[in-house]
Structures are given as C-alpha cells and as structure tokens.
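Dear colleague,

I am passing on the structure that follows, and below it I have set down what was found. Please read the notes with the coordinates open beside you.

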Amino acid sequence: MALENILILAAASLLWAATFRNHGRTWFMLIASVVVIFWLQPALPIRGADFFTPLATLVLVVLTWFITAADETRKQRKNIIILLVVAGVVLLLNLARFLPADFQLFTASRPPQLETTLLIFLVTGLTLLALSRLTRFSASFLTVGLVLTIGLFLALKVPALTYWTAYFLRSLSGQNVYASRITDFAWLGFSYVAFRLIHTIRDKQSGRFPSVDVGEFITYVIFFPAFTAGPIDRLERFIKDLRAPFAGLNLEAFYFAGQRLLIGLFKKFVIADALALIALNDTNATQVTSAFWMWVIVYAYTFQIYFDFSGYTDIALGIAQLLGIKLPENFASPYLKPNLTQFWNNWHMTLTQWFRAYFFNPITRWLRSWQKPMSMPMMILLTQVATMVLIGFWHGVTWNFTLWGLWHGLGLFIHNRWNDATKTKAAAWATTPTKQAILHISGILLTFHYMAIGWIFFALSSPAISWQVILKLFGVN
Amino acid sequence: MNQPIKPLNVFIKGLLLFSLFNLVIAAWQPRVGQFSLYNVIYPGRERLPFGENPKQSYNLSLFDLDARFASHVIAGTPKADNEFRVVIVGDSSVWGTLLKPDETLAGQLNADNLNACGKNVRAYNLGYPTISLTKDVMLLSYAKQYAPDLVIWMTTLDAFPLEKQTSTPLVAHNEEKIRELATNYQLRVEADDPNFVKKSFWEKTFIGDRRSWADLIRLQIYGVMWAATGIDQFYPDDYERAQTDFEADESFHDFTPPDLNEEGLALNALEVGFRVVGETPMLIVNEPMLISSGANSDIRYNFFYPRWAYDDYREIMTALSQRNDWTYVDLWDIVPANEFTNSAIHLTPAGEKLLAETLTPYILENCR
C-alpha cells in the first residue's frame, strides 16, 4: 500500500467510526474491503486482469464460504441480500468504464466489458444453485476446495506455472503470448487470502468452523487493513470483534490506533524506505568491493525487511482498531531474541502459528503415530526442515527460498539439539547475573547474525550470487 | 502521582511545535548542507553529486551547493604543504559521463603522479553536467575556499549563449549566489531574470521545502553505496554513439550566419571567472569535440555546432584571450572521432588520457 492509500483508508475509517459508530459498521467494512481489493490491485499487462483478479478473489471466497458454512446458515435470506450488495458494488466499479478516465478511481486500468463480469456472476450463481440443490454436502467438496486453493497458490508461486498461467490468460484475451512474463500475473493479497481460506476449510474438516454469514466471511478474508500484508487472523477471533457492539471510538482506542498508525508509517516510510536505498539486492551484491561494506548492506536489508513488514503490521493494527477490530500482533522484538526458536515465535507470528497449527503439529502427530516411530532427533529434523521449507515456498517456489527454508529448518534443529545437550551445563555455569547476561547477549548476537545471513537467500534471486555474497562477508573472493 | 495522558492535548501540542519548527526553518533557512557524513564516515566523492537514476547510480542531483561540495573529496582533504592543487571546472565532459572517476581528466592527471615545482599535483574534478559559463563561475567562486594553485576551466561554445546562462537548474535555484557574483564581480544578470526560482515563505518551510531536505538525506544515505561500490553513475551496457550524420542545418541558437554576435555571448562571465580566481593562475581550455566526417559535415562539425559558428567562436576566443592576457589553450581537434562516446564532447578513457597528456605541460608551466 502506498502512503496515500493508507492515509485515505485511515481517514475513511476514522470518519466512519466517529460519525456512524456501530450503525452499519459491518456493512462499511464489507463494502470498503470489496472496493479496496480492486483499488489496490496494481495494473497488469493482461487485458482486464487487474479487474478480474480481485473479482476471482471474491468468487473464491464466496465459494469457500458456501462449502464450509453450516446448512442452516447457508440458507439464511440475508446471505442473498449480502451477495446482491457485493455484486452491486462490483457492477458499479465495472460501470466506471463508461466514465472518463479521470473518474475511474478504483481500478488500475479501464474496467473490462460488463458482459464478462455478468457472465462470471451467472456462472458463480449457477454453481451456488447447483451446490445448494445437493441434499447432502459431501466432505469431498472441502477437499476439492483445498486442492483448488493450493493449486492456485502454486500457479502464483512456482515461476514456471506462473509463466504458463500468464501464457494461458494472454491467449484467452487475444494478446501476444510470446510476451508472457511471470510478472504478468501478480494477484495482490492472494498469499494471505489463500492461507485464510485453507484455515477455514481445515477448521471445517476438523469441526471447528464457527457459524458465519457470507458478509462476515468475506470481511474476514479480505479485511482491508490486513489484505496486503497480514496479519493472518483466525476466523473465530475476528468474528468476536466483528459482532461485539461498537460504541464508537473512545479516546483510549483512538490514542492506541493513532500511535500504532504513526509508528507504522514512520517504520515503513522513513526507516524502511531509507534503508531500502542501501539494502542488499541483486545489483549491489556484485558491486560491493569489501567485506565491511558487504556486512553493512546485509545489515541494512536485515533491518529494512523488519521495519517494512512490522511497519505495515502496525498500520493494519492501527486502522483496524479505529473500526473496533483488534488484529493479532505479528512481531515482538524478534531481533532481540536469544535463539532461533524464540525468533520464530516472535517474527511474523501469525504465519508461524498458522504453519504450526496446520502443518507442523499434524505432521508431528502423524509421525508419532507410526507403529515404529523414527528417532526423536530425526523427527525434529524432518518436521522443522519441512515446515521452514514450506514457509519458504509461501514466499515463492524458487531455489533461493528453498535454501532460506533449509537454512532455518537446520538452524532450528541445531538449536534444539544444542539446547538439549548444553542446557544443564549452561545453567550450572550461568550462576551470576553477569554470566546470564553474557549468555543472553551472545545468544542475541548469534541469532541475529544467523538471521542476517539467512536473509541473503531471501533478498537475492540466485544461489550463485548468494554464495558470492556469503564468501565476500567472510573476506573470501 | 502520574497524571493520565490526554491524547488531544498531546496532539495539539505536537501540532503547535511542528508548526513552530516549520516557521523557524522558513525564517532561519539554516545551511545544513555543510554538515555531511562524507569525508567523516565515508570517503568524499571524486566528483560533484549528479544523477538522474539514483537507485542505479547511487547518486543524485540537488541544488544545495553546500551539500554538493561537502560531499566532495576536496572538502575533506586538507591541503598539504607539498600539494599542488589543481581544480578543474566545466561541463559533463569534465564530470565524466560514462567514465569511472579514475578515467576522467582529473583521474588521469592524478594517475600520472605529476610533480610541479617540487609539489605533487592533485587534480580535483569540479565539473558538473550542464553547459553554462555562469554555472562554472558559480562553482569556481565556491571552490576558491579550497585554495587551488591552478584552475583549469574547460569550456565550449555551447556554454556561451546568454539564454543558457541561468536556465540550468543549478543556477536557477541559486539566485542568491549569482546575485553575489553580480555585486562583487560585476557578473551581468538581468534584474528580473525569469529563470530564477523564487521560493515563497511557504516553500521555505520544512514541509514546503521537503524535497530539498529529502534530497539532502538521500545524498547522505547514498554515501554508503558510494563507499561500498565506488560507483557514482549508471553505466549502461550499450549506448547510442554520438551523431555523425546531420541535416543541412546551419542554425545555432538564435545566432545567424556568417558571424556570431558577441552581444549574445556571455563573454562577461569569462571575465568574471578571472576576477573570481584573482591571483590564482587559470587556463581557459577550449575542450576537444567530435569532428564529424558524415553527411553534411561540410556544414556542421557535430550535433552542437555549424562550422561557421564554431570557427567564429574560436577566433573570438583567441582575440579575447590575447587582449586580456589569458592563458587560452585551444584543444578543439586533438581527439580523433572514434574516441568520443555518446556525445560530441564526451570522451572515451583513451580520449581523456590524450587530453591529460596534452594539458600536462601547461600545468607544469603554471606552477609557482
């Protein structure tokens, strides 16, 4: 989100909270979220794609709600009204194609022809109708939904698949397919949308899905403050805030929201953007001439990514607070943690909690359930590495993200083993506050530098350049 | 007992303090540009900051002369007793478009480790990539504080037309400096020259002038990349070579053949330049340019000049320098056409080396 987007959204939220308080608050959040996903979607070279990708988000969200909602909830008349309102908002955005270009404020380019949108509505409506005619909902729908979401996710994250998706979409729109690029298909916010959808489908499968109407569900998945950069809230927690009576903005809430917003803006647009000028990237990685300055630009990247990401989280929390939603924290001084395990408990917390809940814990339980379970160290190695590699894939299925995941998986494993082996000795040695401080500070420095080196894989696009940078850091080459 | 915080009060006080801060900045106009991290935390730049694509060149253009010079190596280099300090001013050919710092004229002279009158010659590149004699004089007057032993002023005809003198952004945004030159050295400047950018009170506040403040901070931040990489401009893999075929066009600005009207040339700026440097020796060098042999090269030497204008300019310069007893070095044709890069005045490293070798005897002759 650009600065002007953030300021407009914060001002709109503040205005609504101060003026209307609880009247129509959920409607405001729903409609604003729908508009915002179109508004924030950047222009794409494929004709109409910057309109159809947010529309596809909405269709996917509605279908997911339909297959996860309880029978009685699904049949409630208010859902039809909500869907009609959402469709109406989308149609209004689409109708802006008939306005002069200066008035097409909410889409990156001129909206496509109305017929295509209507056709998408028709197909979605017929699908919902067909599904509703089924007397009994099969669990296999949930599996299909899960596979479809993961499939789309892969289409966006595996460069080869993204290329072929762009190729397919270009051919569909009658454009030059040979000009296809993986950047053609940048679906804003889908990483977060996908994880929220997977969370709801998995919770439905395990019988923990709360009863929510379609409006609540759409608002949860695409809630505008958290749409582009999280945090990944949980549905049952979000719904509690959404349904809680909102008496308007009191001074305390306003103070908290304003403070978080200002801190976030400062972190993102002052610190992170300044550090970005000197942070490690593919170009400067090969230009730096000495180990000292290589450390400087690696440190710059290390802090830039933290201030950028945690700044956006602060902004999201601040804006959400204006509307009475208390989104979960995502960062808690991660660079001040004395070991890697604690780091990952405090960095992008909602993502790691998601992976713990939906991957790490299930797979650990599964491995333990084997008749002849593998050794504990082996199990820890396997689960830690697999989890971290998957987190790497969440950012993109590339060699560098794989190496980044491996680096952290192995780091967590080594820390786990080291901790087991030295815990008693360390406790016996660190008997004075000074010794405890030495251990603590050494741990912070070691963890920070392990993280910093890991970020090299994250920041760069190829293992070869990453390796060159690492060698340079240690004065080799 | 702690009193509860009243957010509204905090907000109002913050707003008042910020407004006051803005008013103070607007009224005071502090010269913060002279405080620099260059020459303190990281080495000074070998040439004045200039860059149109900062993210690639780790460099940017700004109008604050204090900040420009504070980031230059000359500001952080105390003059040693055995240093013979040579300052070179001029346009992009001196600054070194497409050249690394050590490939520029200053770099090549320093590489030669010259010795003049028992002192080590150290050349400083104070060129700046816009063509205007007035801009050169302005930089020269600023550079005087660094006690040069010799000034080399590289110039070319395109720096002379009156219309070009104040239109370059660096001059346009430094009216005060130009007016000082007018007062102290009789530089001719129109009283109501519309090229000068005048800031309103609002534009002088911190908010109104935020672009300048941001540029100043960005210049400091890019110092890290300058120190880390030694890169201060973007070097494209390929570029379009200087034009050698032309239309049969005899035009040169508003001048009409067969002679340049001296009234339309900023010859006064040359005189002011000499007044500014005072007793310090100065060489006026007519810089090398590409002499084309392509289509219509009988009419034009190159993209910049029709033959009639340039030939007349050389005659004017020769006569003027003789009349004023200036050391004028005409090197217009010393570099072969294949040693130019993307412009008729931008040299290759080999071209710069040839230029440095040609200028060396003049440097050695002018030491005291």
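**Chain A**

Chain A holds 20 helices and 0 strands, and please keep in mind throughout that this is a predicted model. Its C-alpha trace spans about 70 × 55 × 50 Å along the principal axes. For 477 residues a compact globule would have a radius of gyration near 23 Å, and the 24 Å found for chain A agrees with that. Of these 477 residues, 39% count as buried, and where contacts in chain A link residues at least 6 apart in sequence, 72% of them join residues at least 24 apart.

One element that you may wish to look at is helix 10 of chain A, residues 214-222, in which 9 of the 9 residues are buried, so that the helix is largely enclosed by the rest of the structure. The buried residues include Glu216(A) and Thr219(A), along with Val214(A), Phe217(A), Ile218(A) and Tyr220(A). Among the elements that cover them are helix 2 (25-40), helix 3, helix 5 (77-95), helix 9 (190-205) and helix 11 (235-243) of chain A.

Helix 3 of chain A, residues 49-68, also appears in the account of the nonpolar cores. The largest of these cores has 77 residues, of which Val61(A) and Ala316(A) touch the most other members, and helix 3 of chain A supplies the largest share of this core, with 12 residues. Leaving aside residues up to four places away in sequence, Ala316(A) touches Pro225(A), Ala226(A), Ala229(A), Pro231(A) and Leu327(A). Another core, of 72 residues, lies apart from it and has Phe84(B), Ala159(B), Phe160(B) and Leu162(B) among its members. As general background, nonpolar side chains tend to be buried together in soluble globular proteins.

A single residue of chain A can serve as a further example, namely Phe343(A), which has its place in helix 15 (residues 340-346) of chain A. Phe343(A) has 24 other C-beta atoms within 10 Å and is therefore buried, the cut-off for that class being 20 or more. Not counting residues up to four places away in sequence, Phe343(A) touches Pro334(A), Lys337(A), Thr447(A) and Met451(A). The C-alpha atoms of Phe343(A) and Ile453(A) are 14 Å apart in space, while 110 residues separate the two in sequence.

**Chain B**

In chain B there are 13 helices and 6 strands. The C-alpha atoms of chain B fill a box of roughly 90 × 45 × 45 Å along the principal axes, and the radius of gyration is 23 Å, which agrees with the value near 21 Å for a compact globule of 368 residues. Buried residues make up 41% of chain B, and of the contacts in this chain between residues at least 6 apart in sequence, 80% join residues at least 24 apart.

The strands form an open sheet of 6 strands in the order 2-3-1-4-5-6, with mixed pairing. Strand 2 (115-116) and strand 6 of chain B stand at the edges and have a single partner strand each, so one side of each is left without a neighbour in the sheet. Strand 1 (residues 83-89) and strand 4 (residues 150-155) of chain B run parallel and are joined by 4 bridges, and here Val89(B) stands opposite Trp153(B) of strand 4. Strand 5 (residues 282-286) of chain B likewise runs parallel to strand 6 (residues 327-330), again with 4 bridges, and Ile284(B) has Tyr328(B) in strand 6 as its bridge partner. Between strand 5 and strand 6 the chain passes through helix 12 (residues 307-324) of chain B, in a β-α-β crossover that is right-handed.

Gln165(B) lies in the loop between strand 4 and helix 7 (169-172) of chain B, and it counts as buried, with 26 C-beta neighbours inside 10 Å. Beyond the residues up to four places away in sequence, Gln165(B) touches Ser132(B), Leu133(B), Thr134(B), Val171(B), Ala266(B) and Ala269(B).

**Where the chains touch**

The contact takes 13 residues from chain A and 11 residues from chain B. On the side of chain B, helix 10 (residues 210-229) of chain B gives the largest share, 8 residues. By class, that side of chain B has 8 nonpolar, 2 polar and 1 charged residues.

With kind regards

Conventions
Residues numbered from 1 in each chain as written. Chains lettered and ligands numbered in written order. Pairing = 2+ DSSP bridges. Helix = DSSP H or I, 4+ residues; strand = E, 2+ residues; numbered from the N terminus. Right-handed = clockwise from strand over helix to strand, strands pointing away. Core = buried A, V, L, I, M, F, W, Y, C linked by C-beta atoms within 7 Å. Buried ≥ 20, exposed ≤ 12 C-beta atoms within 10 Å, placed from the backbone. Contact = placed C-beta atoms within 7 Å. Nonpolar A, V, L, I, M, F, W, Y, C, P; charged D, E, K, R; others polar. Rg over C-alpha atoms; globule rule 2.2 N^0.38 Å.
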